[in-house]
Amino acid sequence: GLRGGEGGSRRRSVTVRLQRQSPLVHVKANKRDEDTALPQLLIDELARATPTASRALANWRERIYAGEVGLSMFGLQQQVADPIGFVLSCVLGFHGLVDTMGIGHARIQAFSSALNQGYNPAIPFHNGTHAADVLYCSHMLLVQSGMTIGGQKNKEKETGTVEDAVLEAGSVLALLISAAVHDFKHPGVTNAFLVNTNDALAIMYNDKSVLENYHVAEAFKLMQSPAHNLLHALDAKQYREIRSQVVRMVLATDMAEHFQHVTELVSTASKAKKLEGEHTIPPSSPFARLRFSHSHSSTDPHISTDRLLAILLHTADISHPFRGVEAHVEWSQRLRDEFFAQGDLEKKRNMPISPMCDRGQAAKNFAAGQIGFIDAVVQPLVEGL
């Protein structure tokens, strides 16, 4: 909730009910930031110097709240200098986490500013715009599936209550932080390249999910600074739980884990009708079948909350094929260019050129490769969800 007046009253009510429902929320009162309700300041700060900028950003905020499937970060990038900071402020506010977790406006902006310094804009795909896009898509998947913990609701959904939700506040915060940092300091090459070149990162992380381990480790190094620590107000127990979730979620973005995710979803889907607490989702939602159980038991037939949120993040990471044709083409071309740059490095080092990284071959089969990626990778994952 980013509005004052009646909206502010509703936000406080949501926060109280959310805290009542979420026993894992342990915020130290004396650690809470004071600047937790500054939406107009945010818009004024980020607006370009044009008369209509404030209205345009207010409209972007509402579109983010609504969870539009086709919303593109390329459009938002033309309006704000810091898409990560704008989206992060919006989604934390929407889900009631600004108040619930005591995270202030200045801290969010300091954190996002530091993230932007770690995302290299010269890298075509794995840059800050991609991070903002994955952050938004993670939120969008929650909204489209009905799995929110409160915040501003569309008029069509105002009959829903916080008690109807099934997500813990800490889990949603972990998902959103994971999305923002999941490619932090990405060098623009693949895990295989780092392993095959005996890179220092591959040595450090023993060839296992090298980049993913690096991203999340660097993110928590960043949050060691008090000004950048979004978890500053939590007690030690809550901090450890959320940190553990963030680590697991970011590691789950490794494409080497993809088919394990799909297998787990498919094996669970056959039992979906047995799940309790199923939400009523608008038929128009492409994720109307997305649902889950809170069980964390290894013997329970349901997929756990933590695992599903990790798979949601992985889905957001490869979501551009179902987010609109223009965005898909742009992101695909950017990833192609990044792969080609790696292929050039491999050629210079007299190494075998990795699949999809050879300019002379992959360019000829670009469209066919995208169709294959959608059919073999993206579609089974989305259908599983």
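Student: What percentage of the 385 residues in the protein chain do buried residues make up?

Tutor: The model under discussion is predicted. A residue counts as buried when its relative accessible area is under 20%. By that cut-off, the buried share of the 385 residues in the protein chain is 54%.

Student: How many helices and how many strands does the secondary structure of the protein chain come to?

Tutor: Among contacts between residues at least 6 apart in sequence, 76% join residues at least 24 apart. The elements of secondary structure in this chain are 0 strands and 18 helices.

Student: Is helix α9 largely enclosed by the rest of the structure or not enclosed, and what span should its residues have?

Tutor: Helix α9 covers residues 169-181, and its end C-alpha atoms are 19 Å apart. Because 13 of its 13 residues are buried, α9 is largely enclosed by the rest of the structure. At 1.5 Å a residue, the expected span, with which the distance between the ends agrees, is 18 Å.

Student: Which residues is Q245 in contact with, leaving aside its neighbours within four places in sequence?

Tutor: Q245 lies in helix α13, which runs over residues 236-251. Its relative accessible area is 9%, so Q245 is buried. Once neighbours within four places in sequence are set aside, its contacts are G170, S171, A174 and D306.

Student: How are α3 and α5 placed relative to each other?

Tutor: Two packed helices are described by the angle between their axes and by the distance between those axes. For α3 (residues 53-66) and α5 (residues 83-94), the axes are 10 Å apart and the angle is about 50 degrees. The crossing of α3 past α5 is right-handed. The two helices are therefore oblique.

Student: Which residues of α5 are met by residues of α3, and what classes make up the contact?

Tutor: From α3, the residues taking part are L57, W60, R61, I64 and Y65. Their partners in α5 are F86, V87, C90, V91 and F94. By class, the contact has 1 charged residue, no polar residues and 9 nonpolar residues.

Student: Which helices do the buried residues of α16 pack against?

Tutor: Helix α16 comprises the 24 residues 325-348, and its expected span of 34 Å agrees with its end C-alpha atoms being 34 Å apart. Its buried residues include W331, F339 and F340. After α16 comes N350, with a positive phi near 60 degrees. The helices against which the buried residues of α16 pack are α4, α8, α10, α17 and α18.

Conventions
Residues are numbered from 1 along each chain as its sequence is written. This is a predicted model: local features need pLDDT of at least 70, side-chain atom pairs count only at pLDDT 80 or more; totals for chains, interfaces and linings use all residues. Side-chain values use heavy atoms; hydrogens and water are left out. Helices (H or I, at least four residues) and strands (E, at least two) are DSSP runs, numbered from the N terminus. The expected span of a helix is 1.5 Å times one less than its number of residues. Buried means under 20% relative accessible area, exposed over 50%, partly exposed in between (1.4 Å probe, protein chains only). Axes are lines fitted to C-alpha atoms, for helices over the stretch in contact, and angles run from 0 to 180 degrees between N-to-C directions. Angles under 35 degrees count as roughly parallel, over 145 as roughly antiparallel, 65 to 115 as roughly perpendicular and the rest as oblique. A crossing is left-handed if the near helix is turned anticlockwise from the far one by less than a right angle, and right-handed if clockwise. Contact means heavy atoms within 4.5 Å. Ala, Val, Leu, Ile, Met, Phe, Trp, Tyr, Cys and Pro count as nonpolar, Asp, Glu, Lys and Arg as charged, and the others, Gly among them, as polar.
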